[in-house]
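Thanks for sharing this one. Here are my notes on how the two domains of a chain meet, set out as short points.

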Amino acid sequence: MTLTINGHPTDAAPRAGQCLRTFLRDQGWFGVKKGCDTGDCGACTVHVDGEPVHSCIFPAFRAKGREVRTIEGMRGADGLHPVQEAFIAAQGFQCGFCTPGMVMTTAALTQGQRADLPIALKGNICRCSGYRAVEDAVHGIAHTEQAPQDAPSCGVSLPDPANHAVVTGAVRYTMDVPVDDAAHLKILRSPHPHARIRAIDASGAYDVPGVIAVLTHADAPQACFSSARHEVSKDDPDDLRILDDVVRFVGQRVAAVVAESEGAAEEGCRRIKVDYEILPAVFDPEAAMAPGAPILHHKDPATSRIGAPERNVVGEVHGMLGDVEAGFAEADAIYEGNYASQRIQHGHLETLGSIGWLEADGTLSLRTSSQVPFLVRNALADVLSLDPALVRVACGRVGGGFGAKQEMLTEDIVALAVLKTGRKVKHEFTREEQFTAATCRHPVRVRVMLGARRDGTLTAMQIRVVSDAGAYGNHSVGTLFHGCNEVLQLYRCPNKKVDGFAAYTNTLPSGAFRGYGLSQTVFAMESALDELARTIGVDPFELRRLNVVRPGDAMRAYSDHPHDVEFGSYGLDQCLDLVEAALARDESVPPDGAEWATGQGMAAAMIDTIPPRGHFSDARVRLTEDGAFELTVGTVEFGNGTSTVHRQIAASVLATTPDKIRLVQGDTTQLGHDTGAFGSTGIVVAGLATERAARAMAERLLAEAAGAAGVAPEACHLEDGAVRAGATAVPLSALAAQAGGTITVEGHSTGSPRSVAFNVHGFKVAVNRGTGELRILKSVQAADAGRVLNPMQCRGQVEGGVAQALGAAMSENLRIGPDGVVETPNFRSYLMPRFVDIPRTEVLFADTYDRLGPFGAKSMSESPFNPVAPALANAVRDATGVRLTHPPFAPDTVHAALAASGAACE
Amino acid sequence: MEEARAAFLAVDGDASYISGGQSLVPALAMRLQAPAVLVDLSGIADLRGVELQGETLRIGALTRHADALTHPLIARHAPLLNAAAPFVAHPAIRNRGTLGGSVSLADPASEFPAMMLAMGAQMEIFGEDGFRRVPADDYFIDLYQTALEPGDILTALYVPSVGPHHRWAFDELARRRGDYAMVGAGILAHMDGALVESARIALFSVGSTPVRAPGAEAALAGRLLDAKTIADAQRALDDDLDPPDDEHIPAAMRRHLARVLLGRLLQRLGETP
């Protein structure tokens with residue numbers, strides 16, 4: 001058929017049943033993004049004859065004779081479309097994966113629709129930003145600043161260096177490369193929660209034209225590993241095979257089919273016959289630990305490092321400081337309560353996926369969507385017994401992570417398929433697979449007991465934590481330890497006790513998720529503290545002020561083991577004051593009507609700025625022959641903003657502007673090592689390595705110039721493009737030539753010592769006692785991020801964290817049915833916040849300077865998430881008298897809770 | 001239409017008609033359906049157009065959701081469709097989704113099918129014996145089951161035009177704004193000042209089909225729309241409903257929400273001049 005795409009007459013035949021999205025991408029228009037396959041996210045929005053449509057649910061054959069415009073066609077002869085300019089000026093994105101759809105939708109809005117964005121943007125999901133930046137872009141409000149010519153750029157709201165590429169659709173995410181020569185891999189997944197595979201008959205699959213290979217457990221190495229990726233790979237239990245002969249959750253890989261087309265691979269999967277021996281399954285972590293429960297992993301604890309396989313315990317933590325019995329005995333008030341946080345999904349818009357191939361020299365090369373390319377390389381080498389030097393892992397821009405991509409969930413099977421077939425192989429998750437076969441946040445139950453004296457002083461804190469690991473251990477031990485740590489470390493109480501368990505169940509494996517175990521325990525603890533404050537009649541802000549740690553205090557959670565956490569700076573006192581003042585001055589008007597009850601609540605949270613036990617980054621700065629700088633880091637950009645800030649750091653040291661620093665990132669062949677961007681480390685670890693590399697370069701340049709000019713290095717200083725040595729300015733290119741063409745220096749950081757960051761959140765809410773509707777009247781978060789290196793971006797991180805946490809608090813719930821099947825496998829049933837759902841949050845920063853972080857900065861990626869749910873629950877409690885303990889607080893849940901306690905009205 | 005029917009029947013019903021495709025294509029993408037053949041209705045001119053025929057508005061089945069928002073004849077003569085349209089999906093979907101497609105699918109959580117009931121519309125269907133018209137009250141049979149037989153094509157919706165004495169109201173309660181409703185309803189009332197002469201009330205997301213509320217309608221008929229009448233209608237509504245007791249929204253909750261929603265809508269009806 002013929003059609004016009006972005007003004008180009010095109011003649012191409014769509015495949016039977018093909019949608020317009022894949023058809024356009026086949027033609028090389030990679031600006032059209034896949035977010036969901038079902039018309040729910042808007043990332044694939046294009047214009048057909050001038051009208052926006054979701055190209056994923058627009059049959060390709062209907063484009064015949066029409067004019068199709070994608071993001072690549074928005075640019076006019078005289079420059080960018082005004083909406084593209086506006087998204088640059090406001091930086092209306094973080095990872096940018098939703099941006100093509102946002103721009104296409106916005107460009108087609110009428111004046112009336114612009115005035116009603118909650119309705120007009122209903123079809124476009126952004127997972128990163130919390131929508132404030134999107135709203136500002138639509139309304140033409142600018143936020144980006146220019147780099148100052150004569151001052152360091154740290155502290156300035158510089159734009160993402162990829163902004164132009166993001167808004168024009170030119171930026172390349174993982175799958176935005178031609179794959180004409182690639183074979184496609186699809187997975188046959190288990191329909192049973194627990195079964196042994198007796199036999200697999202793949203002959204039917206081979207009857208499908210185009211099927212190249214079927215991989216089963218017989219093709220997979222015997223060795224077990226963990227899909228979790230950490231600097232120390234032995235931190236996580238080895239309980240997973242690439243393909244196993246026992247399946248332990250509905251959705252687990254059974255076989256992989258490699259074929260010339262996705263369709264053939266999928267049909268091949270349908271034709272495979274599997275003989276299963278059904279095994280008993282267990283879906284509840286307490287039940288799984290009880291005697292007689294079916295055992296998931298019959299493995300040797302010594303080699304697998306599973307805590308107690310015979311009890312389905314992945315790992316446990318027990319610890320006590322002081323004497324909690326004595327602490328409760330001296331308490332005037334004791335509170336005890338049970339809380340449970342549900343399973344939620346990361347919802348990054350770019351699904352997991354990788355493309356693998358063999359280079360001419362035999363190197364196994366992968367292009368993947370990962371936060372940890374170096375750790376994936378190491379794991380592939382380990383699992384497949386390859387020389388790490390012959391494995392390359394590289395990333396394009398990554399469309400959101402939130403911890404989900406600190407796992408190896410596609411790379412292993414692609415690598416195996418490449419090695420088996422010799423072909424280039426592509427494997428891309430569907431949105432459904434994201435919900436049924438990726439990872440989720442751990443569902444966690446917490447029992448909290450607190451004791452306090454009449455004046456509010458805490459005398460005892462005790463928690464019992466049960467975390468549902470799902471079928472594989474991966475991050476369960478790490479999240480358990482982390483989840484039991486800062487939540488207690490935040491309070492100076494002499495008597496603390498922890499008992500924590502992570503247990504296997506026959507459900508979707510839990511994994512790393514923003515906050516890494518803390519959001520669930522913080523919800524419980526901060527809710528409990530609110531109840532305690534009410535019991536003894538102390539204001540919740542005062543209760544925190546009385547009990548929180550302060551510089552000089554030992555930071556202890558539940559043991560006296562030495563650690564490397566210090567107060568690099570302390571801004572918690574400011575955060576508490578800022579939120580309290582913001583709530584006090586708020587003049588929002590509650591809705592009319594006696595059925596509305598209003599109230600306010602707050603919660604605090606603390607986070608160590610870096611994960612424990614070492615987090616390593618190399619960074620390299622090279623002065624090129626033309627006198628420009630090239631900065632190489634391991635960190636991938638997935639919306640966290642590190643590519644902006646790393647250049648700001650380097651430029652600030654090197655007395656230049658960030659645009660003169662070329663960034664190379666996320667490729668294992670370009671650098672020694674980088675643990676990866678997780679645990680909030682993009683700035684505080686890789687940024688510190690960057691600062692050190694830049695300082696080494698500065699020192700070297702001064703020495704070179706001093707030598708050339710015959711003056712002492714102390715008489716030299718850096719200028720933009722030159723070194724001033726006495727009266728002369730030696731151009732950088734001359735220094736490069738003098739040094740033999742280029743100068744290369746490196747910097748390293750080790751992730752120790754670590755600092756702490758703080759977040760305090762406040763809400764005012766109105767609750768409809770007739771319907772359970774929860775309306776947020778005011779949302780404010782104060783953050784101690786140390787020195788804020790890029791205020792616009794850091795604000796975005798906070799807003800995005802708050803929005804994601806509001807989804808978890810109000811609507812998101814990855815439900816698994818009694819048969820172990822995920823009941824919410826798409827964005828229609830898994831309710832992520834849209835524009836309409838997210839209030840604007842006032843973001844305030846404490847004024848501190850962290851002596852451990854680069855240029856005074858702390859981490860601020862995960863932590864904004866953590867105090868949100870308890871602050872909201874505390875506000876609802878204040879409004880209605882009802883304590884909500886099981887998010888999400890959807891209207892039906894809230895109304896049921898109100899009705900149960902007699903607080904509802906007709 | 002003959003040709004489309006023939007194509008559909010030629011594969012023993014292993015076919016789907018495709019109109020806007022905004023429900024069908026996601027179902028295909030989720031592999032919930034895999035018909036051998038898609039029969040495209042979009043080229044049939046007779047399925048298009050909106051025109052006033054005497055006191056009745058004929059809405060061609062291919063009329064898009066977006067038109068329900070913008071078409072002046074729909075706004076004037078079938079205002080409940082206009083009122084419901086902003087709640088239906090989102091703009092990009094409304095640009096492609098059709099009213100006929102929505103009424104054919106008859107999703108019990110969907111707005112437009114229920115409004116057919118509230119408006120007392122008739123569905124024109126082309127089938128084995130040519131054209132027939134089925135009143136909305138007889139059209140919805142069970143979950144995704146309608147008066148449409150295999151091969152039948154819904155061709156047009158015939159909606160009685162509202163007059164100067166009609167008032168209407170539409171709203172829904174959702175878990176998240178803009179989502180599938182936990183309960184939704186539309187009311188079309190014939191009124192003389194504050195006196196309700198007659199009313200049609202249709203609810204959705206309360207059962208396996210859109211549901212009319214004859215008890216509540218009777219409680220309103222011939223009464224002044226005051227607080228007592230509203231309370232009586234809310235009480236009567238209980239017997240009109242038999243919501244499913246699903247694990248996430250218990251039946252009692254849906255009943256409660258339906259009462260709250262009916263109260264709000266009647267309140268609003270009384271406020272409009």
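How many residue pairs are in polar contact across the interface of domain 1 of chain B and domain 2 of chain B?

1. The rule finds six such pairs, with both residues of each at pLDDT 80 or more. Do keep in mind that this is a predicted model.

2. To place that interface: in chain B, domain 1 covers 47–160 and domain 2 covers 166–271. Their C-alpha centres are 21 Å apart. On the domain 1 side 23 residues of chain B take part in the contact, and 21 residues do so on the domain 2 side.

3. Between them, the two domains of chain B bury about 1,800 Å², and carbon and sulfur atoms account for 68% of it. Of the area that domain 1 of chain B buries against domain 2, 27% is supplied by F87(B), P108(B) and L117(B), more than by any other three residues.

4. For charged pairs, the rule gives two salt bridges across this interface of chain B. You may also like to look at R200(B) and D137(B), which form a salt bridge with their closest N and O atoms 3.2 Å apart.

5. Which elements give two or more residues to the domain 1 side of chain B? They are α5 (79–84), α8 (111–119) and β7 (140–142) of chain B. The largest share, seven residues, comes from α8(B).

6. As for residue type, the side of domain 1 of chain B that touches domain 2 has 17 nonpolar residues, along with two polar and four charged ones.

Methods: Residues numbered from 1 in each chain as written. Chains lettered and ligands numbered in written order. Predicted model: local features only at pLDDT ≥ 70, side-chain atom pairs only at ≥ 80, totals over all residues. Heavy atoms only, no water. Domains from an automatic or database assignment. Contact = heavy atoms within 4.5 Å. Buried area = accessible area lost by both parts, 1.4 Å probe. Salt bridge = Lys/Arg side-chain N within 4 Å of Asp/Glu carboxyl O. Polar contact = N/O pair within 3.5 Å; in protein donor to acceptor, adjacent residues only side chain to side chain. Helix = DSSP H or I, 4+ residues; strand = E, 2+ residues; numbered from the N terminus. Nonpolar A, V, L, I, M, F, W, Y, C, P; charged D, E, K, R; others polar.
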